[in-house]
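The following paragraphs go through one protein chain, from its sheets to its helices and a few single residues. Please keep the sequence and the structure in view while reading.

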Amino acid sequence: MVDRPSPADGPSAVERGTSGAAETAHERPPLRAGSGLRGTLTLLLAGALQALSFAPGPLPGWILPFVQIASLAVLVSATLRAAGPRQAAGRAWLFGVAQFAVGVYWLVISMHRYGGLSLALSMGALLIFAAAMALYGALACALATSLLTGRMRPQQHALAQCLIAATWASAWTLFEWLRGTLFTGFTWLQGGYAHAEGMFAAWVPLLGVYGAGWLAAFAAVAAVLMLRARNLPPWDRSAAAVLGVALVTGLAGIALGSIQWGAPHGAPVLLRLVQPATPQSEKFDPARFFDEQERLQGLAARAPKSDDDRPALVLLPETSIPIFQDRVPPRVWAGWENTAMRLRAPIVLGVPLHRRDRAGVHAAQSAEQTSRHTNSAFALTAEGGVLEQDGSVWHYDKRHLVPFGEFIPAGFHWFVRAMHIPLGDFDRGHADQPVLRVAGQTLAFNICYEDTFGEEIAASVTSSAENPEGASILVNLGNLAWFGDSWALRQHLQMARLRTLETARPMVRATNTGLTAAIGPRGQVYGRLDTGHPGVLDVEVQGWQGLTPYVRTRNLPILAWSMGILLLAFVIKRRGRRRAP
């Protein structure tokens with residue numbers, strides 16, 4: 001939105017450090033965002049629009065990258081015009097509160113509808129969470145504004161303007177990484193997730209999601225600098241050069257899209273993905289347990305079209321059996337064994353496991369001290385027995401647990417007791433766990449939101465002691481029924497698409513209510529089931545091998561680059577202060 005300068009704002013922190021800035025700040029036609037009630041509403045609207053850019057619906061997929069950059073540009077404009085770091089932080093915080101309150105509104109569904117918390121308390125908890133997550137962006141903008149205050153003169157030459165754009169993008173990216181890392185991390189609504197398609201998508205195999213987010217943030221700053229200087233030559237030429245750099249990175253992304261970072265591995269394998277569509281209100285109802293297990297067994301055992309179309313493996317979602325395995329009645333286990341034998345194919349079930357550590361069994365300790373409770377995947381063979389691999393029973397234990405849903409942070413037991421969520425305190429799985437080998441392919445498992453952490457998924461496709469050959473196919477077992485038919489399902493699928501781009505590996509997703517899907521190694525969804533409808537998806541998956549640059553280096557390059565840019569900006573600012581009279 002182009003408007004006259006706001007006297008309330010005065011010259012920005014960046015502009016105050018330039019000679020004659022008092023005059024030039026009032027000559028240029030800035031984007032008015034952040035000043036007064038109108039500016040506050042603009043920031044809130046831009047934050048809400050940013051939240052819409054992370055998955056198709058209601059907006060079409062092709063427009064998401066542009067919406068993400070455009071809405072972020074409103075925040076950039078507001079912070080570049082701020083009087084100082086504190087004002088920049090306040091404006092960014094407003095933007096972030098709207099982004100998270102709108103983008104993860106579905107947390108209210110889990111707390112209120114399924115957790116039994118009152119609607120008022122659930123909405124209050126959402127706003128508190130949004131306010132906390134918005135602090136990361138606020139600190140990023142405060143840092144950027146602090147570094148850009150002083151002798152940084154954006155109107156002097158293109159290099160200085162490029163450094164301004166790079167500084168803002170680096171601060172933003174660094175704090176997005178911190179948000180995805182600290183306190184177990186929350187990776188939802190990070191800028192790079194809007195770029196599963198578009199010019200920056202091809203950068204993902206090199207720099208990961210954070211790298212795509214950096215490029216998008218740089219483009220947003222470049223657009224703002226160009227708009228602010230477009231009528232003021234020769235400054236417009238230097239600003240245009242910054243925008244040109246952003247466009248070159250986009251064009252380079254188009255060229256990078258022709259590179260194939262991996263190669264097909266072995267023969268394609270036919271996998272069956274089962275979507276039970278069990279409502280969350282019924283999933284943990286003891287009165288429905290036997291009927292529900294029989295329904296799942298019948299769904300999994302649907303006859304293939306022919307023997308040639310018989311699946312090599314059947315995959316069911318997280319907590320398909322919603323009680324610990326040592327409490328499952330024998331007749332239910334017998335039903336699943338018969339299902340495997342009828343299909344003549346192994347079955348992987350999501351099931352919580354309760355077992356003792358081997359050391360604890362021989363020690364004079366109580367069962368409570370040695371017991372482990374894990375959210376796991378467990379397999380039965382085509383003959384109906386427990387699947388063993390390399391001399392031991394195969395299973396996968398979820399290792400990145402959901403706070404409040406799967407473990408209780410210290411000091412928050414009172415909050416969890418206010419809700420009624422089952423299976424809420426698990427132990428973490430080990431970092432290095434064995435893959436599952438099926439028909440010449442190696443399958444690396446992750447459960448639910450584990451696939452939102454890029455570095456952890458990248459580790460599963462590299463060689464390790466438990467996994468010498470690395471995974472050729474990624475498998476996600478999930479249950480997002482906690483969030484109804486909300487944006488959470490589409491956002492999660494979008495994040496999974498970015499994981500396939502980062503690793504050059506296909507991924508299959510077996511979920512309870514959606515979105516059950518098959519994703520190719522270039523992020524393309526080539527098979528999916530409708531949300532909320534029971535069914536099976538028999539899909540042929542071609543495994544891949546080879547390591548992308550991102551898998552080899554993870555987030556190190558983009559973090560080093562961002563920190564290097566910030567250090568450079570700090571040094572320039574400090575030298576400018578020493579030279580000041």
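**Sheets, helices and selected residues**

L271 has V539, a residue of β15, as its bridge partner. The two belong to an antiparallel pairing of β2 with β15 that extends over seven bridges. The model described here is a predicted one.

This pairing is part of an open sheet of six strands, ordered β8-β5-β4-β3-β2-β15, in which the pairing is mixed. The edges are taken by β8 (395–397) and β15 (535–541); each has a single partner strand, so one side of each lacks a neighbour in the sheet. On average, and with direction ignored, neighbouring strands of this sheet are turned by 35 degrees against each other.

Which strands does α12 lie across? Helix α12 lies across β2, β3 and β15, and runs at about 150 degrees to β2. Another helix, α13, lies across β2, β3, β4 and β5, at about 145 degrees to β4.

Helix α13 can be followed in more detail. It comprises the 14 residues 330–343, which at 1.5 Å a residue should span 20 Å; the end C-alpha atoms are 20 Å apart, so the expected and the modelled span agree. Its buried residues are V332, W333, G335, W336, T339, A340 and L343. Viewed down the axis of α13, these buried residues fall within an arc of 155 degrees, and therefore line one face of the helix. What do they pack against? The buried residues of α13 pack against the strands β2 (269–275), β3 (313–315), β4 (347–356) and β5 (371–380), and also against helix α12 (289–300). The face turned away from the buried side of α13 carries the exposed residues P330, R331 and R342. Just after the helix comes R344, which takes a positive phi of about 55 degrees.

A second open sheet also has six strands, in the order β9-β10-β11-β12-β13-β14, and its pairing is mixed. Here β9 (436–438) and β14 (525–528) stand at the edges; as each has a single partner strand, one side of each is left without a neighbour in the sheet. The average turn between neighbouring strands of this sheet is 25 degrees, direction ignored.

Within this second sheet, β11 (residues 473–478) and β12 (residues 507–511) run parallel and are joined by five bridges. N476 is bridged to R509 in β12. Helix α18 (residues 487–503) lies across β11, β12, β13 (517–519) and β14, and runs at about 155 degrees to β12.

V525 lies in strand β14. Its relative accessibility is 32%, so V525 counts as partly exposed. Apart from neighbours within four places in sequence, V525 is in contact with L493, R497, A517, A518 and I519. How far apart are V525 and P506 in sequence and in space? They are separated by 19 residues in sequence and by 9.7 Å in space, C-alpha to C-alpha.

The last element to be followed is helix α8, made up of residues 158–179. Its 22 residues should span 32 Å at 1.5 Å a residue; the end C-alpha atoms are 32 Å apart, so here too the expectation is met. The helix is mostly covered, with 18 of the 22 residues of α8 buried.

T173 sits in α8. Is T173 buried or exposed? With a relative accessible area of 2%, T173 falls under the 20% limit and is therefore buried. Its side chain reaches the backbone oxygen of A169 at 2.8 Å. When residues up to four places away in sequence are not counted, T173 touches Y210, G213, W214, I558 and S562.

Some totals place these details in the whole chain. The chain has 20 helices and 16 strands. It contains 581 residues, of which 58% count as buried. Among contacts between residues at least 6 apart in sequence, 76% join residues that are at least 24 apart.

Conventions: Residues are numbered from 1 along each chain as its sequence is written. This is a predicted model: local features need pLDDT of at least 70, side-chain atom pairs count only at pLDDT 80 or more; totals for chains, interfaces and linings use all residues. Side-chain values use heavy atoms; hydrogens and water are left out. Helices (H or I, at least four residues) and strands (E, at least two) are DSSP runs, numbered from the N terminus. The expected span of a helix is 1.5 Å times one less than its number of residues. Buried means under 20% relative accessible area, exposed over 50%, partly exposed in between (1.4 Å probe, protein chains only). The arc is that of the directions from the helix axis to the C-beta atoms. Contact means heavy atoms within 4.5 Å. A polar contact is a pair of N or O atoms within 3.5 Å; within protein, one must be able to donate a hydrogen and the other to accept it, and residues adjacent in sequence count only if both atoms are side-chain atoms. Two strands pair if DSSP finds at least two bridges between them. Axes are lines fitted to C-alpha atoms, for helices over the stretch in contact, and angles run from 0 to 180 degrees between N-to-C directions.
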